[in-house]
Amino acid sequence: MPKVMVCGRGGSGKSTLVALLARELATRGKVLVVDADESNLGLGGMLGMEPPEKTIMGLLGGKRAVGERLMARLRGAGDEELRLFDDSLTPADMPADVASGDGTLSMVRVGKIEHSMEGCACPMGAVARSFLKGVSARDGEWVLVDTEAGIEHFGRGVVEGADYVLVVVDPSQEAVILAEKACRLAEEAGKPRCVVVNKVDAGVRQVLDEKLARLGLDAIAEVPYSESVARANLEGETVADEKLDATVRGIIAAVEAGLRA
Ligand SMILES: Nc1ncnc2c1ncn2[C@@H]1O[C@H](COP(=O)(O)OP(=O)(O)O)[C@@H](O)[C@H]1O
Ligand SMILES: [Mg+2]
C-alpha cells in the first residue's frame, strides 16, 4: 500500500491534512505518519498523541554521525546509496523508541533542529529519503509523510521513496505557484500526484480553480475552512471535524485510483 508524500507551502494545511487522513485510514488498517519537517512541532498534538522522544536521526547516532557517513560517501569511501535501513521495515514494526502511538496509528520523526548554528539540514533529507525507501507498507497499511514547506525535499530526493505526491494549496498565489512546481517535479520523478485545495470558502473557490486551471492543474478535492479544525489546532488538540469526513474519504479514494492508474 502507498507511501504518500504531502507537500505544499508553509501554512497551507499539510500537517492538518495528514492528521485528518491518518485518522480515517487508521479505521481501516495500520498507518505510519512520518514527520519529515524539522521545524514542525505540533503534529503529535494534531494526531492526538505524544510525539516519540527519539528521532530517527537520534537512532542513527545524530546529525553529525549521519553527516560523516554522507561525507564518506561523497569521497567515494562509503556505500553508493546511504542505506540506513533494510527493506524489511514496515509500519507495524518500527523500533519502539522512535515510534509513538497505539500501533495502529503511529508516528516517527526524522529529526528536529535542536540548537542554533547546528548546520545545514542535508543529513535530514538523506535520512528521510533512506527511511522512506526502506519502509515497505503491507496490504492495507499506509505511510503518510508530512514534509517541510516548499520543494526542497524534491531536490533532496525524498520523493524517490514515495509512491504518490499530494500537494496542498490554500487560497494564495504563492501556494498556487508552488503547487505547479511541485506537480512538475513529481511528474519528473515519475510519481502520480494530485492537488487538494484547503481552507476554501465560496468567496475564493472560483478564483482559485481558475488560477489552477490556467496552470493545467485540477484539484481532486476541496477541503472547506473548518472552525473545528482551526480551534483544535489552536488548542493543540486532535484535529477532527466530522463535516470533513466525506471529503477526506474522497481524497483517499482518489489517491487509490491514482495509484491504480
Ligand atoms: N481546513 C481548515 N480549516 C481551518 N483551518 C485550517 C484548515 N487547514 C489548516 N488550517 C489552519 O491553518 C494553519 C496551518 O495549518 P498546518 O496544517 O499547520 O499547515 P502546514 O503544515 O502546511 O504548515 C493552522 O493554524 C490550521 O489550524
Ligand atoms: Mg506542518
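**Exercise 1. A residue of strand E2**

Val31 lies in strand E2. The model is predicted. Determine whether Val31 is buried or exposed, and describe which residues Val31 touches.

Solution.
- Step 1: The relative accessibility of Val31 is 1%. The cut-off for a buried residue is under 20%, so Val31 counts as buried.
- Step 2: Setting aside residues up to four places away in sequence, the residues touched by Val31 are Ala22, Leu25, Ala26, Thr104, Leu105, Ser106, Trp142 and Leu144.
- Step 3: For a pair that can be checked by distance, take Val31 and Ser172, which are 141 residues apart in sequence. From C-alpha to C-alpha, Val31 and Ser172 are 31 Å apart in space.

**Exercise 2. The loop after strand E2**

Locate Asn40 and state with which side chains the side chain of Asn40 makes polar contacts.

Solution.
- Step 1: Asn40 sits in the loop that runs between strand E2 (31-36) and helix H2 (43-47).
- Step 2: With a relative accessibility of 12%, Asn40 counts as buried.
- Step 3: The side chains of Asn40 and Ser15 are joined by a polar contact of 3.1 Å. A polar contact of 2.7 Å links the Asn40 side chain to that of Asp146.
- Step 4: Beyond its neighbours within four places in sequence, Asn40 is in contact with Ser15, Asp35, Lys112 and Asp146.

**Exercise 3. Sequence distance and space**

How many residues apart in sequence are Val239 and Met46, and how far apart are they in space?

Solution.
- Step 1: Val239 belongs to the loop between helix H9 (227-235) and helix H10 (245-260).
- Step 2: Val239 and Met46 are 193 residues apart in sequence, with their C-alpha atoms 5.0 Å apart.
- Step 3: Met46 is also among the residues that Val239 touches, a list that leaves out residues up to four places away in sequence and otherwise holds Thr16, Ala19, Leu20, Arg23, Val229, Ala232 and Asn233.
- Step 4: The relative accessibility of Val239 is 0%, and Val239 counts as buried.

**Exercise 4. Two charged residues**

Compare the settings of Arg129 and Lys199.

Solution.
- Step 1: Arg129 is part of helix H5 (residues 122-134), whereas Lys199 is part of strand E7 (residues 193-200).
- Step 2: The relative accessible area of Arg129 is 19%. Since buried means under 20%, Arg129 is buried. Lys199, at 32% relative accessibility, counts as partly exposed.
- Step 3: The side chain of Arg129 is joined to that of Glu160 by a polar contact of 3.0 Å.
- Step 4: For Lys199, the backbone gives a further detail: phi is near 65°, a positive value in a residue other than glycine.

**Exercise 5. The chain as a whole**

Why can the protein chain be called as compact as a globular protein of its length?

Solution.
- Step 1: The chain has 10 helices and eight strands.
- Step 2: Its radius of gyration is 18 Å, close to the 18 Å from the globule rule for 261 residues, so the chain is as compact as a globular protein of that length.
- Step 3: The C-alpha trace spans about 55 × 40 × 40 Å along its principal axes.
- Step 4: Of the 261 residues, 50% are buried. Among contacts with a separation of 6 or more, 81% are between residues 24 or more positions apart.
- Step 5: The accessible surface is about 12100 Å², and carbon and sulfur atoms hold 49% of it.
- Step 6: The chain carries 31 positive and 41 negative charges, whose mean positions are 3 Å apart.

How values were computed
Residues numbered from 1 in each chain as written. Chains lettered and ligands numbered in written order. Predicted model: local features only at pLDDT ≥ 70, side-chain atom pairs only at ≥ 80, totals over all residues. Heavy atoms only, no water. Helix = DSSP H or I, 4+ residues; strand = E, 2+ residues; numbered from the N terminus. Buried < 20%, exposed > 50% of the residue type's maximum accessible area, 1.4 Å probe, protein only. Polar contact = N/O pair within 3.5 Å; in protein donor to acceptor, adjacent residues only side chain to side chain. Rg over C-alpha atoms; globule rule 2.2 N^0.38 Å. Contact = heavy atoms within 4.5 Å. Areas by Shrake-Rupley, 256 points an atom, 1.4 Å probe, with all protein chains shown as cover. Lys, Arg positive; Asp, Glu negative; His and termini not counted. Charge placed at Lys NZ, Arg CZ, Asp CG, Glu CD.
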